[in-house]
Amino acid sequence: MTIGNHRPSQLVIDQSAIYDNIAAEKARLKSGTELFQVVKANGYGHGITQVARTAERAGASGFCVAILDEALTLRAAGFNEPILVLGITEPKYADLMASHHISATVGSVEWLESAASFLQTGHHLAVHLGLDTGMGRLGFQQPEELSVAVNYLETHPQFDFEGIFTHFATADSADTDYFKIQVARWQAFMAVLPKRPRYVHVSNSATSLWHEVCNGNMIRFGVAAYGLNPSGTELKEPYKLKPAMSLTSQLVFVKQLPKGYSVSYGATYTATEDEWVGTLPIGYADGYERRLQGFHVLVDGQLCEIIGRICMDQLMIRLPQKYAVGTKVTLVGADHGQSITLQDVADYCGTIHYEIACGFTARLPRVYVN
Ligand SMILES: *Cc1c(COP(=O)(O)O)cnc(C)c1O
């Protein structure tokens, strides 16, 4: 997608916020527990290589991604740390992974058998066995299956049994019943493991923030590094998370709309009196969702309503007075002591901040500060 470098709408990424969030988490970890930064989906929309660089400086010793291509992006950018692909990669790419020292998530012996047929002699593929303790997404479901896989790995030296992990479905909830069920299943799996691999990991951000006793010797730190509370508003963060992402634009057109005149497709908004209306060069093609009609933005520290339907590339707001073309508008972030958070945007859309952050499209330039 073409990046809008000549348009005043941009995502501003505060690198010091990411740094501080990771450093704060690192400081809470028991010594010997490593932090792998999760940078999937373009670093939750913040920019994969830039986030990885900041995470590295803040003490991350490895990375997790969702798909092989993201891992290859990191390797191409020169990162030499361990990288784990959290999703299932097709076994036919086993040799590609091995040659880039990228670790694979494995959830079945069949996958190992198939991958073995693609591995060139002399190549070694590092694997992390995924255990399904209740997420129901991927991984071995029974301790007996795990034993078969461990035996297979012992007799097939082209694989390096590097890690074992699980993923919790409710670590971000105040209700811990289901979490405890998953912990019990995890322990049943661990009981059949003859010896522990290098990395034993169960924690996403929520688990490490609120169930840190469960942390193995590595955590998969994701959303909290970006300054977002994994629980939304349900649980209080143990330290202040600093949001890294802001979204700003500028008024590109300002006019007085006479009483009785309407705005945007469908003419769903009609001025009830003479009003000042500003146009912003951002729309749903930027990931600023159409459902945000009626939500607000900040101009000069004041909340201004988005009026009429949000278009693909533009939207209109009601201004309290005349403002000059070029006036800064904050769609996410702070302005004169007021703020709009990704959580506010997500609440309005009926979703979670994760989806909003990674939903901003490539047309928005990412500008790095601090
Ligand atoms: C995305 C993901 C994470 C990171 O989750 P956060 O909630 O962003 O911390 C960790 N582990 C797995 C398996 C994931 O898919």
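Below, a colleague questions a modeller about a predicted model.

Colleague: What makes this chain a two-part protein, and where do the parts lie?

Modeller: The chain is divided into domain 1 (32-226) and domain 2 (245-369). Their C-alpha centres lie 39 Å apart. Eight residues from domain 1 and seven residues from domain 2 make the contact.

Colleague: How do you know how much area is buried between domain 1 and domain 2?

Modeller: Interface size is often given as the accessible area lost when the parts come together. Here the buried area is about 660 Å². Carbon and sulfur atoms give 63% of that area.

Colleague: Which helix gives the largest share of the side of domain 1 that touches domain 2?

Modeller: Helix α2 (residues 40-44) does, with three residues. That side of domain 1 divides into three nonpolar, five polar and no charged residues.

Colleague: How many salt bridges and polar contacts cross the interface of domain 1 and domain 2?

Modeller: The rule finds zero salt bridges there. It does find three residue pairs in polar contact across the interface.

Colleague: Why is the pair Arg198 and Glu34 called a salt bridge?

Modeller: The cut-off is 4 Å between a side-chain nitrogen of Lys or Arg and a carboxyl oxygen of Asp or Glu. The closest N and O atoms of Arg198 and Glu34 are 3.7 Å apart, so the pair counts as a salt bridge. The pair links distant parts of the chain, 164 residues apart. Arg198 sits in the loop between α8 (177-191) and β8 (199-201), and Glu34 in strand β2 (residues 34-38). The whole structure has 12 salt bridges.

Colleague: Which residues are around the ligand?

Modeller: Among them are Val38, Lys40, Tyr44, Arg137, His167 and Tyr354.

Colleague: What makes Lys40, Arg137 and Tyr354 polar contacts of the ligand?

Modeller: The cut-off is 3.5 Å between N or O atoms. A polar side-chain atom of Lys40 lies 2.9 Å from a ligand oxygen atom. For Arg137 the distance is 3.1 Å. For the side chain of Tyr354 it is 2.6 Å. Each distance is within 3.5 Å, so Lys40, Arg137 and Tyr354 each make a polar contact with the ligand.

Methods: Residues are numbered from 1 along each chain as its sequence is written. This is a predicted model: local features need pLDDT of at least 70, side-chain atom pairs count only at pLDDT 80 or more; totals for chains, interfaces and linings use all residues. Side-chain values use heavy atoms; hydrogens and water are left out. Domain bounds come from an automatic or database domain assignment. Contact means heavy atoms within 4.5 Å. Buried area is the accessible area (1.4 Å probe) that two parts lose on being put together, summed over both. A polar contact is a pair of N or O atoms within 3.5 Å; within protein, one must be able to donate a hydrogen and the other to accept it, and residues adjacent in sequence count only if both atoms are side-chain atoms. Helices (H or I, at least four residues) and strands (E, at least two) are DSSP runs, numbered from the N terminus. Ala, Val, Leu, Ile, Met, Phe, Trp, Tyr, Cys and Pro count as nonpolar, Asp, Glu, Lys and Arg as charged, and the others, Gly among them, as polar. A residue is near a molecule or strand if one of its heavy atoms lies within 4 Å of it.
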